There are 2 protein chains.
Amino acid sequence: MTELIDQTESSAGARVGNRALSVMDRLREAILGGAVAAGERLNEVQLSKTLSVSRTPVRAALQALAGEGLLDYAPNRGFTVREFPLPAIVDAYDIRAALEGVAVRFAAERGLPAKEREIIERALAAGDKLLERGSFEAGDLTIYRDINGDFHDALLAATGNRMLSEMIRICHHVPVSSTRNIVVFEYHDVRRRHDDHHRIFQAVLAREPWRAEMLMREHVASIKTSLVGYLSERKTYPSAALQPAGDGP
Amino acid sequence: MTELIDQTESSAGARVGNRALSVMDRLREAILGGAVAAGERLNEVQLSKTLSVSRTPVRAALQALAGEGLLDYAPNRGFTVREFPLPAIVDAYDIRAALEGVAVRFAAERGLPAKEREIIERALAAGDKLLERGSFEAGDLTIYRDINGDFHDALLAATGNRMLSEMIRICHHVPVSSTRNIVVFEYHDVRRRHDDHHRIFQAVLAREPWRAEMLMREHVASIKTSLVGYLSERKTYPSAALQPAGDGP
DNA sequence: ACTACGCAAAGTGTATACACATCAATTGGG
DNA sequence: CCCAATTGATGTGTATACACTTTGCGTAGT
């Protein structure tokens, strides 16, 4: 009763009740933030003591997170943080490329609702303005990260297919692979991807489904390529290294 | 300890503990079988009385099924059977086509493990034998349904990517859209799809990733087309009509 | 007759106690 | 000295009681 929880999302995915919801959010944050190691076993009583709730909402949250693919479950052994080996992370980009490709194809076939169209136009305009200077300054990348997120989210909402959006959301929530992050910091790369966005948007408006899909697939694939290149330069395993960098537009 | 449950699957997806597992299976069966209507609200106490268990495993099962996308959840209102409008069912084929396309691409890139290769070869041989007669008899479709399932499952296992296989599994579990069913009964159509399987397998063996992906996409897309055609002939809504027919190879 | 308030019944959310499985360490036998 | 069985501790699985939220019905007021 005293807790203030943003239960904006109503019935998507595998949510759970009041208190369990906040537990779920805190746990997800902890997992994605790397506070708990991959493969680590999550002790229910310990968590319930830490979070000052009973085991019931903790269990509910754990099961919901398992539904999101962040945890593994083994009977009589409880939940463990799912491991995401580097190959699996890279694969996630291919999966995401295929799914977002289908999403924009749907959007191009069905047409863009006015609301989403406005959001996208605003995002594109904001990107144009940010990029017209010809170079990046301090907080610019953070700003563009949000712009990029708005673009993809709006396109996602435009498909009107829950299963598809949930799957894409899962791809975005693969540890270290959040959409709102950017792998390549070079101005020139961001510029190119912003141009991709324009082209994709045009294809959707022009009702060219297959061109839109193809562009989106290539768009996401190029992000994967950048990630792989980034990783092969510095051999370091990116569990923490990528944390602030992550993935791309 | 008196109950005999097949807990073959260990840590995939969102499973839950011993008793909850059997509850989950029974509920899934009931939902997929159409025993409970879409949109219907699932009463926890009623279910627990029906199944002779307490509410705890029932809740666990419900949350797990929500994680599989079969149920919706609303805080303080419980779980409802998710609705799958006809457009969503049709969309599922496009999503499945994209995902299985990526799966075979991975298989072609990575190579087929000996075990899966054997399974596929056996399935293809069995299909050849079944089809060489030139026409279908009574139980032949049921047999081919299993052959078809084995083929797709083996290919799926060969990718070695959990997220991908789970997503494909979800597509297959969309109500009325199980892979192991076949929409078109014509011998000629099954023949064509069996040929598709051969070509896909060859492409995977020949290490031609993009050709394999393209073939698989077209393969699944053709099934969607058949379904749409089937539906537009008889205008009846397929909630029950498709139950025995379903979807295809 | 219609609306608004309130109360009661139904149902979900949470806490807690107990049953059972798993794992590790210790002890007894070979 | 090593292997194995048993026993304890740790931790999950289930049942149940209670608190809170929602919802529908009934009543009173306009």
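This is a short walk through a predicted model of two protein chains with DNA.

Let's start with how the two chains relate. A rotation of 180 degrees, with 0.0 Å of shift along its axis, puts chain B onto chain A. The RMSD of that superposition is 0.1 Å. The two copies are thus related as by a two-fold rotation axis. Which residue of chain B comes closest to that axis? That is B:Gly67, whose C-alpha sits at 2.1 Å. Now the interface. Of the interface residues of chain B, 100% are also interface residues in chain A, so the copies meet through the same surface.

Next, DNA strand D. There are 22 residues around this strand. The ones that come nearest are A:Arg59, A:Tyr73, B:Arg19, B:Ser54 and B:Thr56. So what part of the strand faces the protein? Take the atoms of DNA strand D that come within 4 Å of the protein: sugar and phosphate account for 72% of them.

Some individual contacts on strand D. The side chain of A:Tyr73 has an N or O atom 2.3 Å from a phosphate oxygen. B:Arg19 uses a backbone N or O atom, 2.4 Å from a phosphate oxygen of the strand. B:Thr56 goes to a base instead: a polar side-chain atom lies 2.7 Å from a base nitrogen.

Which helices supply this surface? From chain A, helix H2 (44-51) and helix H3 (55-67) each give at least two residues. From chain B, helix H1 (18-32) and helix H3 (55-67) each do so too. By class, the surface near DNA strand D has seven nonpolar, eight polar and seven charged residues.

Over to DNA strand C. Here 21 residues surround the strand. Nearest are A:Arg19, A:Ser54, A:Thr56, B:Arg59 and B:Tyr73. Of the strand's atoms within 4 Å of the protein, 68% belong to sugar or phosphate, and the rest to bases.

Again, a few contacts. The side chain of B:Asn43 places an N or O atom 2.9 Å from a phosphate oxygen of strand C. For B:Arg59, a side-chain N or O atom is 2.6 Å from a phosphate oxygen. B:Arg55 meets a base: one of its polar side-chain atoms lies 3.0 Å from a base nitrogen. The elements giving two or more residues here are helix H1 (18-32) and H3 of chain A, with helix H2 (44-51) and H3 of chain B. The class count is six nonpolar, eight polar and seven charged residues.

Now the inside. The largest nonpolar core has 96 residues. Which members touch the most others? They are A:Ile95, A:Leu99, B:Ile95 and B:Leu99. Look at B:Ile95. Leaving aside its neighbours within four places in sequence, its contacts include A:Leu99, A:Val102, A:Met163 and A:Met167 from chain A, plus B:Cys171. A second, separate core holds 23 residues, among them B:Leu47, B:Val58, B:Ala60 and B:Leu62.

Last stop, helix H7 of chain A, residues 162-172. Its buried residues are A:Met163, A:Leu164, A:Ser165, A:Met167, A:Ile168, A:Cys171 and A:His172. What covers them? The cover includes helix H4 (86-110) and helix H6 (140-159) of chain A. It also includes helix H4 (86-110) and helix H7 (162-172) of chain B. And the N-terminal end of H7(A) has a cap, A:Asn161. A side-chain oxygen of A:Asn161 lies 3.0 Å from the backbone nitrogen of A:Met163.

Definitions and conventions: Residues numbered from 1 in each chain as written. Chains lettered and ligands numbered in written order. Predicted model: local features only at pLDDT ≥ 70, side-chain atom pairs only at ≥ 80, totals over all residues. Heavy atoms only, no water. Near = heavy atom within 4 Å. Polar contact = N/O pair within 3.5 Å; in protein donor to acceptor, adjacent residues only side chain to side chain. Helix = DSSP H or I, 4+ residues; strand = E, 2+ residues; numbered from the N terminus. Nonpolar A, V, L, I, M, F, W, Y, C, P; charged D, E, K, R; others polar. Core = buried A, V, L, I, M, F, W, Y, C linked by side-chain atoms within 4.5 Å. Buried < 20%, exposed > 50% of the residue type's maximum accessible area, 1.4 Å probe, protein only. Contact = heavy atoms within 4.5 Å. Least-squares fit on C-alpha atoms with pLDDT ≥ 70 in both.
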